[in-house]
Amino acid sequence: MATARHINLLPFSSSIVAQRFGFPLKLSVILIRWPVVIICTYLLLYPSIDLIPLWFSYGAILLYIASNVVLYFFPEERFASWSFYYPLVIADTIVLTLSLVANGYSEKEFYLTFFVVILGSCIIENAKVRTIVSVAAPLFYSVSLFTSTSDLHPSVFLRLPFLFVVSLFYGYFTQFIRMERAFVQEEEIRSRGRKEILNIVSHEFRTPLNVIAGYAQALRDKTWGEVNAEQCAMLEKILLESDNLTGIVNEVLDVTRIEAGELTLRREDFSLSDYLKEIEKKFAPLQESVALHWAIPEGLPKISTDRATLTVILQHLINNALKFTMKGDVWVTARTASSKQSVEIEVKDTGIGIPREARDLIFEKFQQVDPSSTRIHGGMGLGLYIVKVFTDLLQGTLKVESEPTQGSTFTLSIPINSRLA
């Protein structure tokens, strides 16, 4: 039974938010929390008489300070998701409230103002209006505070910056969540646009290419009459270049799907031996000086993975081996791994090889070991990038062994039972 899985390769990036806020997101979050930590520390240092033990206050203070210090050790990526902030803001709200209660010198009017400021900071969307509220709240409260006839405890004066810091704190995180949601909506719009372009490109490029290749093949096969040797050679070149251009279009479309998050995996159960024999029929050496050998044992197990994605991987690996082998041999072999949990498909050639320092580079977009070889052999440097991404999607691994002028060996390992859903 086939199971589908949608692949999202466009996670939200903290760098985008950092650019919008003007400085690193991680640092801004830590800095915005320090005033809250300092205020809570002061409130806990001067609790009401006999309300809580002194050792408990000191322990809570050290723990709360440590909570902000620990954030310095979190990776930047953790600060890029709203889900990271919900428990953080909830915990800070609890600590703020408990600090006020522990201090014990705040009346009910202040608690009311406190929660109104929090609510306003979360509701008001306009940043300028939210700033005005942040400044106005402590000012209005100060009027009622200093017109009061009751004696004022020294900690009461902390209420004014307290309200401002609270408004700034909650306004910041509210703005962050709104920005993230806006980015998500923007990305959805872009994704739909890319999908539409993908459909247009797929139709407008592939259709004329298929027509050109179809007519050229019909002429070569003498459907409308005899052709001489020179004409036949020209038709072979047309077919070859049509295939090359079709391959480039397919690579561009695959990369567009990857970046648009439009990849869908469908798991199927099939015999690896039969599958590889079908693949064998589709390949022939690009030139007479290269021999293509297949070693496919009959006893290979059935595998459960995405057949179409595996086909794309093998096509790129085999085409690369043939393209960069001017003279010699290319071998395609398959075997069951020693662990019996995966199968290995090896593509080995006697081509130009890859320097050790360039083995990671070849899996990046638009990269080739030697730009001059790109011009000689053609291609845009997308094939191995697609291979690496697709291999990861199938939960497989790809190992490269190569030396310049000594050929290359790419070993693809795929789980026998891939858990794609």
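This tour moves from the whole chain to one helix, the loops that follow it, and two further stops elsewhere.

The structure is a predicted model, in which local features need pLDDT of at least 70 and side-chain atom pairs count only at pLDDT 80 or more, while totals for chains, interfaces and linings use all residues. Residues are numbered from 1 along each chain as its sequence is written, and side-chain values use heavy atoms, with hydrogens and water left out.

**Whole chain.** Begin with the full chain in cartoon view, where there are twelve helices and eight strands; these are DSSP runs numbered from the N terminus, helices being H or I over at least four residues and strands E over at least two. Of the 421 residues, 42% count as buried, where buried means under 20% relative accessible area, exposed over 50%, and partly exposed in between, with a 1.4 Å probe and protein chains only. If the surface is switched on, the accessible area comes to about 23,400 Å², and 61% of that belongs to carbon and sulfur atoms; such areas come from the Shrake-Rupley method with a 1.4 Å probe, and for residues only the protein chains shown count as cover. Among contacts between residues at least 6 apart in sequence, 75% join residues at least 24 apart, a contact being heavy atoms within 4.5 Å.

**Helix α12.** Next, select residues 383-393, which form helix α12. Nine of its eleven residues are buried, so α12 is largely enclosed by the rest of the structure; among them are Tyr385, Val389 and Leu393. Now add residues 307-323, helix α10, whose axis comes within 9 Å of that of α12 and crosses it at roughly 145°, the axes being lines fitted to C-alpha atoms over the stretch in contact and the angles running from 0 to 180 degrees between N-to-C directions. Which residues meet between α10 and α12? On the α10 side they are Thr309, Val312, Ile313, His316, Leu317 and Asn320, and on the α12 side Gly383, Leu384, Ile386, Val387, Phe390 and Thr391.

Stay on Thr391, in helix α12, which counts as buried because its relative accessibility is 1%. Leaving aside residues up to four places away in sequence, Thr391 touches Ile313, Gly396, Thr397, Leu398 and Leu412.

**Two positive phi angles.** Moving on from α12, select Gln395 in the loop between that helix and β7 (397-402). The phi of Gln395 is near 60°, a positive value in a residue other than glycine, and Gln395 is partly exposed because its relative accessibility is 39%. Continue to Thr405, in the loop between β7 and β8 (408-415), where phi is again positive, at about 70°, although the residue is not a glycine. Thr405 counts as exposed because its relative accessible area is 61%.

**A nonpolar surface patch.** Turn then to Leu27, Leu31, Val69, Tyr72 and Phe73, which form a nonpolar patch on the surface with about 500 Å² of accessible area together. Phe73 sits in the loop between α3 (54-70) and α4 (85-103), and it is classed as exposed because its relative accessible area is 71%.

**Met234.** Finish at Met234 in helix α8 (residues 229-260). Is this residue buried or partly exposed? Met234 is partly exposed because its relative accessibility is 43%. If Arg220 is selected as well, the C-alpha atoms of the two residues, 14 residues apart along the chain, are separated by 9.2 Å.

Methods. Patches are made of residues with over 30% relative accessible area and no salt bridge: like charges are joined within 9 Å, nonpolar side chains (Val, Leu, Ile, Met, Phe, Trp, Tyr) within 5 Å. A salt bridge is a side-chain nitrogen of Lys or Arg within 4 Å of a carboxyl oxygen of Asp or Glu.
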